[in-house]
Amino acid sequence: MPKIDDYGRGALDFIEGLERLKTVDSVMDAMERAFNRFGFETIILTGVPNPEQRLEQMVLAKRWPAEWFKIYTANEYVRVDPAVRHLRRTVNPFEWSEAPYDAGKEPRAAEVMRRAVEFGMARGFAVPIHNLTGYEACVSLGGKHLDLNVRSKAAIHLMGMYSFDRVRRIIVPPIKAHRLTPREREVIAWSSQGKSAWEIGEILNINQRTVEAHAASARQKLGATNATHAVAIAIRERLIEP
Amino acid sequence: MIHVISAANRHLYEDAIETHYRIRHEIFSAERGWKALTRPDGREVDAYDNQDTVYLLAMEDERIVGGNRLYPTMRPTMMEEVFPHLASVRGIPSGPTIWEWSRLFAIKERRDSKLYFELMASLHEFCLDEGITELSGVMETWWLPRLQQLEFTVHPLGLPDLVENQMTMAARFVISAETLSHIKAMANIKGSVLVRRGPQHSLVGRALEMQRQAAAKAS
């Protein structure tokens with residue numbers, strides 16, 4: 001049983017070590033090692049999708065059984081998961097069992113909690129992350145036999161927030177993202193509405209080639225691999241309205 | 001604009017300082033529910049409001065809309081006297097260029113506006129001007145992701161714990177020109193956010209003097 005001091009020192013050493021990690025995978029490896037010590041076996045770092053968004057586009061990183069992610073997304077469990085609902089209402093971390101739902105009136109909520117157990121997630125702990133501009137996200141951890149007490153929860157809370165931030169900054173290097181020009185922002189915004197380059201040209205009264213140039217420039221600044229990725233990053237960073 | 005108020009020029013701001021104590025009472029005692037700060041006279045004033053305190057008060061015309069408070073760590077600080085257990089892993093920062101930051105506030109009507117960004121920018125601009133390299137402070141943990149979004153470098157000093165029913169942590173904040181430029185870019189702030197009226201003196205100079213006096217007493 002780790003001593004009280006060890007939780008603190010362990011957490012702060014882990015947090016300081018994060019800065020040296022340069023890839024999402026290395027951060028996830030470090031998180032696995034650190035959170036395994038508390039009995040966690042699954043990790044997900046994700047934004048909460050609004051009704052028009054899908055979970056898949058909001059996930060920053062995860063170590064989940066592939067089969068469970070398939071089931072979770074195919075069934076749109078994110079819409080009925082009591083933990084997701086709860087994390088929108090609180091800034092405090094919580095055990096999944098503390099997320100209220102009525103098993104009688106909400107059978108789908110009961111279903112997602114029950115099926116999670118099949119994939120090793122009998123219990124879990126969620127760390128809500130709310131930023132200044134309304135973005136809601138979380139680090140959610142699952143496992144079977146968890147070491148959860150006042151001190152370990154405080155350690156997990158702190159480590160969770162810092163891990164999320166490290167991954168966020170690796171995926172979207174900060175300085176670039178905020179230098180989108182107004183035109184680049186407009187092009188991405190229309191692109192998020194499903195408009196083609198030609199249509200955007202018509203709307204903005206500019207040449208289609210120019211639209212494509214703005215889109216390419218925005219993708220580069222955002223560090224996006226394609227148009228969809230660019231839109232996802234822009235929404236996540238609140239550069240455009242979802 | 002954010003007014004720099006210290007011992008050198010507070011005679012120009014006595015009314016504003018008084019008013020801001022009442023605003024602090026409304027926000028911290030009533031709204032946030034920090035019962036320990038409640039006072040019968042409706043003024044939220046504590047042991048760290050004195051001649052050594054620096055206030056960065058956001059004012060629109062003559063109206064106070066927000067603020068920050070800074071206090072030298074060469075004097076006994078809140079972290080040391082009230083919350084030392086929150087800094088039990090890394091220890092309590094102290095030095096002439098390290099100041100304690102507390103009582104960040106924005107009045108209700110201005111909370112969705114650019115004001116928070118200006119208040120955050122004012123901290124870095126002011127500290128860079130004065131040669132203050134770090135701030136220390138105790139804050140609710142829900143502030144961490146918000147500060148991280150502004151590209152603040154925040155180093156935890158210990159594990160969070162419940163204070164008046166809110167998870168709270170102690171940290172030190174690195175002052176940086178990069179953080180300042182990021183905040184200004186995010187909120188489209190151009191130029192300085194600070195106003196300096198009346199006499200000014202070197203705050204780090206005064207903190208160094210405090211350090212010298214403490215060393216002299218000890219020997």
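The expected span of a helix is 1.5 Å times one less than its number of residues, and helices here are DSSP runs of H or I with at least four residues, numbered from the N terminus, just as strands are E runs of at least two. The model is predicted, so local features need pLDDT of at least 70 and side-chain atom pairs count only at pLDDT 80 or more, while totals for chains, interfaces and linings use all residues. Residues are numbered from 1 along each chain as its sequence is written, and chains are lettered from A and ligands numbered from 1 in the order in which they are written.

**View 1. Helix 2 of chain A and its two faces.** With 13 residues (24-36), helix 2 of chain A should span 18 Å, and its end C-alpha atoms are indeed 18 Å apart. Its buried residues (20 or more other C-beta atoms within 10 Å of their own, with C-beta atoms placed from the backbone) are A:Val27, A:Met31, A:Ala34 and A:Phe35. They sit on the same side of the helix, because they cover an arc (taken from the directions from the helix axis to the C-beta atoms) of only 85°. Here's the handy rule: an α-helix has 3.6 residues a turn, so residues three or four places apart point the same way. Turned away from the buried side you'll find A:Asp25, A:Arg33 and A:Asn36, which are exposed (12 or fewer such neighbours; anything in between is partly exposed).

**View 2. An open five-stranded sheet in chain A.** The strands run in the order 2-1-5-4-3, with antiparallel pairing (two strands pair if DSSP finds at least two bridges between them). Strand 2 (59-63) and strand 3 (94-95) are at the edges with a single partner strand each, so one side of each has no neighbour in the sheet. Strand 1 (40-47) pairs with strand 2 over four bridges, and A:Ile44 is opposite A:Lys62 there. Helix 7 (150-171) packs on this sheet, touching strands 1, 2, 4 and 5 of chain A.

**View 3. A loop residue with an unusual phi: A:Asn205.** Most residues other than glycine have a negative phi. A:Asn205 isn't a glycine, yet its phi is positive, about 60°. Look for A:Asn205 in the loop between helix 10 (197-204) and helix 11 (208-222) of chain A. With 6 C-beta neighbours inside 10 Å, A:Asn205 counts as exposed.

**View 4. Where chain B meets chain A.** Here 22 residues of chain B are in contact (C-beta atoms, placed from the backbone, within 7 Å) with 22 residues of chain A. Helix 4 (143-149) of chain B is one of the elements giving two or more residues to chain B's side, and helix 4 gives the most, five.

Conventions: Contact = placed C-beta atoms within 7 Å. Axes fitted to C-alpha atoms, helices over the stretch in contact; angles between N-to-C directions.
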